[in-house]
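Colleague: I have a model open and would like to practise reading its features. Can we take them one at a time?

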Amino acid sequence: MDTQTTQASAAPPVIRREDYKAPLWQVPQIALEFDLDPAATLVKARLTVTRAGSHDRPLRLDGDGLTPRAVSVDGKALSAGDWRMDDGVLIIALPGDDHVVETEVEIVPASNTQLMGLYASGGLLCTQCEPEGFRRITFFPDRPDVLSRYDVTMRADKAAYPVLLANGDPIEQGDLADGRHRARWVDPFPKPSYLFAMVAGNLACNADSFTTMSGREVKLGIWVAENDLPRTGHAMKALKDSMAWDERTYGREYDLDVFNIVAVADFNFGAMENKGLNIFNSRYVLADPETATDPDYDAIESVVAHEYFHNWSGDRVTCRDWFQLSLKEGFTVYRDQSFSADMGSPAVKRIEDVRVLRAAQFQEDAGPLAHPIRPESYMEISNFYTATVYNKGAEVIRMMALLLGPERFRKGTDLYFARHDGQAVTCEDFVKAMEDGGDIDLSQFRLWYSQAGTPRVTVRPSYDPESGALTLAMRQTIPATPGQDVKQPMAIPVKFALFDPATGEKHDGEEVLLLTEAQMETRREGFAQAPVLSINRGFAAPVIIEAEQSAQDLAFLAAHDDDPFSRYEAMQQLMIHALLGSIAGGPLDSAAVIDSIRGTIADAALDRSFVAEAVRLPSEAYLGDQMQVVDPDAIHAARDALQREIGVALQKEWRAIHAECARNGFSLSADARAARKLRGVALNYIVASDAEDGPALAFDQFDRADNMTERQAALAILASGASGERAQALAAFYDRYAGNALVVDKWFQTQALSLHPDVVEMVEALGQHPDFTLSNPNRARALYAAFAANQWGFNSKDGKGYRMVADAIIALDKLNPQTAARLVPPLGRWRRFDDERGAMMKAELERIAATPNLSKDVLEQATKSLA
Ligand code: PHE
Ligand code: ZN
């Protein structure tokens with residue numbers, strides 16, 4: 001058979017936002033009984049159903065891979081003719097408006113490789129339901145606008161599964177015959193099925209407590225394998241800090257008597273906010289200085305906070321349908337970003353968040369998978385847990401917070417929570433609450449929810465010496481994206497300041513101007529000489545600014561701007577100018593860059609963590625984003641050369657920083673962490689300068705480190721070079737940590753990211769390493785997602801990188817479609833490269849799309865990427 005007809009006939013249906021219909025049946029109560037066993041788990045469900053409105057439609061219960069063993073209504077077993085199955089859905093005609101429907105199914109957690117529904121991980125049994133995993137556990141209207149009270153009874157072998165956890169509060173437990181035991185959990189808060197969770201296993205608990213603002217004591221538990229207990233302290237601190245912060249900042253108090261977190265080794269995403277029972281990828285729970293880097297510590301703090309904050313922004317107030325995903329995710333990311341900023345350095349946090357936004361979201365917005373933060377359609381909703389929905393969604397909330405100011409923003413969120421507590425609502429409901437509570441008109445602002453694509457804002461200052469006036473001419477354009485050829489002008493907050501180049505002083509503070517037209521002009525007076533423009537301060541709007549700024553102005557801002565983000569940005573722009581100039585065939589003009597770096601490291605008033613950010617070169621991928629056609633080899637060569645020149649010119653400075661930072665013993669204080677970060681940057685420049693003792697110095701840091709931050713930094717530097725120390729360090733690292741899965745992931749990832757001429761062959765070999773497996777998502781991503789993010793290696797001219805990733809996608813799709821689909825977007829960037837590379841990438845996408853029995857996850861990503 002011709003593959004095209006196979007695809008066409010099997011094409012999964014497209015779900016559209018405009019087709020939303022309210023549920024025909026509600027399920028106010030559900031009682032679940034589980035007889036747990038990895039090989040065969042019996043699931044009995046008792047649903048109290050009520051007809052919503054007057055209609056004569058049957059009850060439809062979603063199922064995925066389920067076969068009903070028994071179905072009964074109001075206690076009477078139905079015979080085969082009284083129900084039917086349609087594409088997995090169980091359909092039952094019901095005579096009245098209120099019934100009790102019972103079903104029984106058997107599922108096999110041990111063979112669940114998708115990690116959706118009930119699955120086995122290590123010795124545990126655990127669940128993942130968002131977005132549509134509950135239908136793999138039992139028959140149910142598996143959509144977020146059906147809210148139910150859950151009563152869950154678990155039965156399992158007591159020796160293998162001594163701990164039994166579910167949502168809500170523990171009600172009773174006891175022993176049963178045959179070495180089994182049981183536990184019953186009741187969650188008083190109605191919730192959608194995607195928030196259901198359950199865990200059974202041999203787990204140890206880091207137990208603590210938190211007293212809420214109204215004086216209630218909440219029992220906190222972080223559940224992990226016994227030998228991981230010493231690594232849970234940081235997550236527990238993050239949890240307690242989050243609980244206090246949400247009370248302080250949003251007036252949100254926790255609402256159950258217990259809050260549990262469980263760490264599992266096999267998990268598709270970062271973590272999951274199930275009511276009262278958050279389930280985490282273990283990499284976002286476990287940390288000690290020996291095995292986790294400082295950025296790992298930060299990631300744990302922010303993910304713990306994120307999932308905790310969902311208790312209000314997600315659980316108490318949830319989404320009406322999956323098109324509203326950004327309602328909970330954009331807001332919750334904004335909340336966790338604000339929390340992390342408050343816990344550490346707001347300036348550095350903003351720089352990091354913008355770097356992530358630009359690397360992941362701007363690329364997505366510029367490619368074939370671009371979609372608005374509130375998408376209009378999908379084939380597979382799992383493909384929409386994207387940087388756009390999450391990170392751009394957070395930027396949209398941040399802009400509203402800016403426009404409203406802190407007090408009115410808080411009034412808006414208070415109104416949102418009060419108005420919609422216990423409901424499943426839409427993004428529109430959120431915006432309306434902001435308007436009503438914050439007293440603002442957001443009509444035009446709503447375009448941020450419906451229009452995809454990163455706006456480009458051109459700002460042209462012109463100074464008239466005669467009148468002493470400055471005119472800012474601004475223009476916005478929003479590029480066409482799939483399905484959206486024509487765009488309307490958006491409401492874009494433009495935050496700017498003007499500096500006097502003579503004194504370094506700011507004129508009249510900073511301003512926020514709302515750009516609402518395609519073109520606008522604004523005039524400011526009273527300048528004795530042309531002021532220097534500092535634009536999009538704090539990265540207030542998620543846009544690309546096109547302002548032709550001279551190297552002089554950039555150097556001025558890099559030295560004087562009092563907005564740390566803009567100061568960082570000026571340095572980045574200086575570096576980009578130098579690099580693009582050399583890539584275009586000109587000389588590498590490094591003098592201004594070197595001067596600015598020298599000035600920055602000498603400025604004792606600056607936080608060292610900020611300095612480390614500011615003096616680092618932009619990534620190869622970000623440089624690629626600045627080019628019409630990405631030239632990975634030229635970018636690599638130019639960046640390498642600039643790194644070397646900076647290394648040579650400032651050798652003394654780098655040596656001093658490296659030596660000085662080494663002097664203090666290990667601590668997790670902000671200063672110590674900043675010093676470690678800067679030390680890593682310094683070591684990188686020393687090794688890049690081709691100093692003869694560079695690799696030995698790196699190996700010495702690697703070998704003597706008493707913490708993972710410094711050890712891993714040195715390893716990464718060595719991995720990108722050709723020294724004899726490279727193999728030695730990699731072998732030593734592996735030997736030291738073999739058996740610690742999270743650290744072995746780092747070993748794979750560091751090599752996959754390395755800027756080494758043979759990285760393709762090395763990654764290929766690592767795919768055959770005995771520790772490599774596609775069935776653990778962390779391990780699969782450590783090798784292939786990391787490699788696909790390595791612009792120079794992945795885009796190697798011979799196309800081997802593309803083929804290797806495509807092979808991995810095809811193989812992984814058979815086990816875990818969600819995780820496989822997340823590897824597709826890098827291949828979808830084929831239009832950004834030269835014709836030869838583009839053709840090879842396309843050919844791989846075509847090969848993927850033509851693979852028989854492809855999941856709809858990968859099919860959607862591959863076909864959209866080709867369009
Ligand atoms: N809702 C989770 C979060 O953002 C992410 C997630 C999605 C986890 C789907 C698992 C599956 O916190
Ligand atoms: Zn989330």
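Colleague: Start with helix 3. How many residues does helix 3 have, and how far does it reach from its first C-alpha to its last?

Modeller: The idea is to set the end-to-end reach against the span expected at 1.5 Å a residue. Helix 3, residues 294–309, has 16 residues and reaches 23 Å. That is close to the expected 22 Å. Keep in mind that this is a predicted model.

Colleague: Is helix 3 largely enclosed or largely open?

Modeller: Count its buried residues. A residue is buried if 20 or more other C-beta atoms lie within 10 Å of its own. In helix 3, 13 of the 16 residues are buried, so the helix is largely enclosed by the rest of the structure.

Colleague: How many residues of helix 22 are buried?

Modeller: Helix 22 covers residues 777–788, and 11 of its 12 residues are buried. It is therefore largely enclosed by the rest of the structure. Among the buried residues are Arg 779, Arg 781, Tyr 784 and Phe 787.

Colleague: What do the buried residues of helix 22 pack against?

Modeller: Their partners include strand 21 (277–281), helix 20 (741–752) and helix 24 (800–815). Helices 21, 23 and 25 are also on the list.

Colleague: Now the domains. Which residues make up each one?

Modeller: Domain 1 is 3–202 and domain 2 is 325–450. Domain 3 is written in pieces: 456–477, 485–541 and 543–649. Domain 4 is 738–867.

Colleague: How many residues of domain 2 are in contact with domain 4?

Modeller: Read the contacts together with the distance between centres. Eight residues of domain 2 are in contact with 12 of domain 4. The side of domain 2 that touches domain 4 has three nonpolar, three polar and two charged residues. Taken over C-alpha atoms, the two centres are 30 Å apart.

Colleague: Which spans does UniProt list as domains?

Modeller: Treat the names as annotations from an unreviewed entry. UniProt lists "Peptidase M1 membrane alanine aminopeptidase" for residues 235–445. In the model, that span is 55% helix and 9% strand, with its end C-alpha atoms 37 Å apart. UniProt's "Peptidase M1 alanyl aminopeptidase Ig-like fold" covers 453–547. That span is 0% helix and 52% strand, and its end C-alpha atoms lie 19 Å apart.

Colleague: Where does pLDDT stay under 50?

Modeller: Check the average, then look for local dips. The protein averages a pLDDT of 97, and 99% of the residues score at least 70. Over residues 1–9, pLDDT stays under 50. For those residues the model has three contacts beyond four places in sequence. Its ipTM and pTM scores are 0.98 and 0.98.

Methods. Residues numbered from 1 in each chain as written. Chains lettered and ligands numbered in written order. Predicted model: local features only at pLDDT ≥ 70, side-chain atom pairs only at ≥ 80, totals over all residues. Helix = DSSP H or I, 4+ residues; strand = E, 2+ residues; numbered from the N terminus. Expected span 1.5 Å × (residues − 1). UniProt positions renumbered as here; feature names shortened; annotations may be inferred. Domains from an automatic or database assignment. Contact = placed C-beta atoms within 7 Å. Nonpolar A, V, L, I, M, F, W, Y, C, P; charged D, E, K, R; others polar. pLDDT = per-residue confidence, 0-100.
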